[in-house]
Amino acid sequence: TVAPQALFLLNGPFVLAQSKACAEALLALPGDDASRLREATLRAYGRPATEEEVQAAQQYLSGYEQRLAASEPDAAKRKLKAWQSYCQVLF
């Protein structure tokens, strides 16, 4: 692993597109955010999420959406951007 590989994973257009697609797929699932977070962990890591992971992820999503509130008035767009960021973290 070299620095450009890490930077590509953080900022590359392919990774950003895939994290957005993953977020859209998760948000389309029925249920609440906790169940979606469990599904995200299962898809990314092949194992169930712990309750601590679910709680930490919920805090991450909530904080991300709150920080976007000043610059993004559309709640649906804020939610998608927060989930996209979370999916990128999982990757």
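A helix axis is a line fitted to C-alpha atoms, over the stretch in contact when two helices meet. Keep that in mind on this tour. The model in your viewer is predicted.

**Stop 1: H3 and H4**

Select residues 33–45, which form helix H3, and residues 51–68, which form helix H4. Their axes come within 10 Å and cross at roughly 115°. How do H3 and H4 lie to each other, roughly parallel or roughly perpendicular? Angles of 65 to 115 degrees count as roughly perpendicular, and H3 and H4 are therefore roughly perpendicular to each other. Their crossing is right-handed.

Now show the side chains at the contact. On H3, pick Ala-34, Leu-37, Arg-38 and Thr-41. On H4, pick Glu-51, Glu-53, Val-54, Ala-57, Gln-58 and Leu-61. Colour them by type. You should get 5 nonpolar, 2 polar and 3 charged residues.

**Stop 2: Gln-58**

Stay on helix H4 and centre on Gln-58. Which residues does Gln-58 touch, not counting those up to four places away in sequence? They are Ala-34 and Leu-37. Try the distance tool on Gln-58 and Ala-34. Their C-alpha atoms are 7.4 Å apart in space, yet the two residues are 24 apart in sequence. Gln-58 has a relative accessibility of 33%, so this residue counts as partly exposed.

**Stop 3: Glu-53 and Arg-47**

Next, select Glu-53 and Arg-47. They form a salt bridge, and their closest N and O atoms are 2.7 Å apart. Side chains of opposite charge can pair when their charged atoms come close. Turn on the surface and look at both partners. Glu-53 is partly exposed, at 28% relative accessibility. Arg-47 is partly exposed too, at 32%. You have met Glu-53 before, since this residue is also listed in the contact of H3 with H4.

**Stop 4: a network around Asp-33**

The whole structure holds 6 salt bridges. Select Asp-33, Arg-36 and Lys-79. These three are linked in a network of salt bridges.

Begin with Asp-33 and Arg-36. Their side chains meet at 3.0 Å, N to O. How far apart are Asp-33 and Arg-36 along helix H3? They are 3 residues apart, so about one helical turn separates them.

Now swing round to Lys-79. Its side chain meets that of Asp-33 at 3.1 Å, N to O. This pair links distant parts of the chain. Lys-79 sits in helix H5, residues 75–90, and Asp-33 sits in helix H3, 46 residues apart.

Which of the three are buried and which are partly exposed? A residue under 20% relative accessible area counts as buried. Arg-36 has 11%, so Arg-36 is buried. Asp-33 has 22% and is partly exposed. Lys-79 has 26% and is partly exposed.

**Stop 5: H2 and H5**

Lys-79 leads to the next contact. Select helix H2, residues 13–27, together with H5. Their axes come within 8 Å and cross at roughly 120°. H2 passes H5 in a right-handed crossing.

Show the H5 side first: Lys-79, Leu-80, Trp-83, Gln-84, Cys-87 and Gln-88. Then add the H2 side: Val-15, Leu-16, Ser-19, Lys-20, Cys-22, Ala-23, Glu-24, Leu-26 and Leu-27. How many residues of this contact are nonpolar? There are 9, along with 3 polar and 3 charged.

**Stop 6: H1 and H2**

Follow H2 to its partner H1. Helix H1 covers residues 3–11. H1 and H2 pack at an angle of about 35°, and their axes are 6 Å apart. The crossing is right-handed.

From H1, select Phe-8, Leu-9, Leu-10 and Asn-11. From H2, select Pro-13, Phe-14, Val-15 and Leu-16. This contact has 7 nonpolar residues, 1 polar and no charged. Val-15 and Leu-16 also belong to the contact of H2 with H5.

**Stop 7: Glu-72**

Finish in the loop between H4 and H5, where Glu-72 lies. Is Glu-72 buried or exposed? At 11% relative accessibility, Glu-72 counts as buried. Leave aside its neighbours within four places in sequence, and Glu-72 is in contact with Lys-77, Arg-78 and Lys-81. Select these residues to close the tour.

Note on methods
Residues are numbered from 1 along each chain as its sequence is written. This is a predicted model: local features need pLDDT of at least 70, side-chain atom pairs count only at pLDDT 80 or more; totals for chains, interfaces and linings use all residues. Side-chain values use heavy atoms; hydrogens and water are left out. Axes are lines fitted to C-alpha atoms, for helices over the stretch in contact, and angles run from 0 to 180 degrees between N-to-C directions. Helices (H or I, at least four residues) and strands (E, at least two) are DSSP runs, numbered from the N terminus. Angles under 35 degrees count as roughly parallel, over 145 as roughly antiparallel, 65 to 115 as roughly perpendicular and the rest as oblique. A crossing is left-handed if the near helix is turned anticlockwise from the far one by less than a right angle, and right-handed if clockwise. Contact means heavy atoms within 4.5 Å. Ala, Val, Leu, Ile, Met, Phe, Trp, Tyr, Cys and Pro count as nonpolar, Asp, Glu, Lys and Arg as charged, and the others, Gly among them, as polar. A salt bridge is a side-chain nitrogen of Lys or Arg within 4 Å of a carboxyl oxygen of Asp or Glu. Buried means under 20% relative accessible area, exposed over 50%, partly exposed in between (1.4 Å probe, protein chains only).
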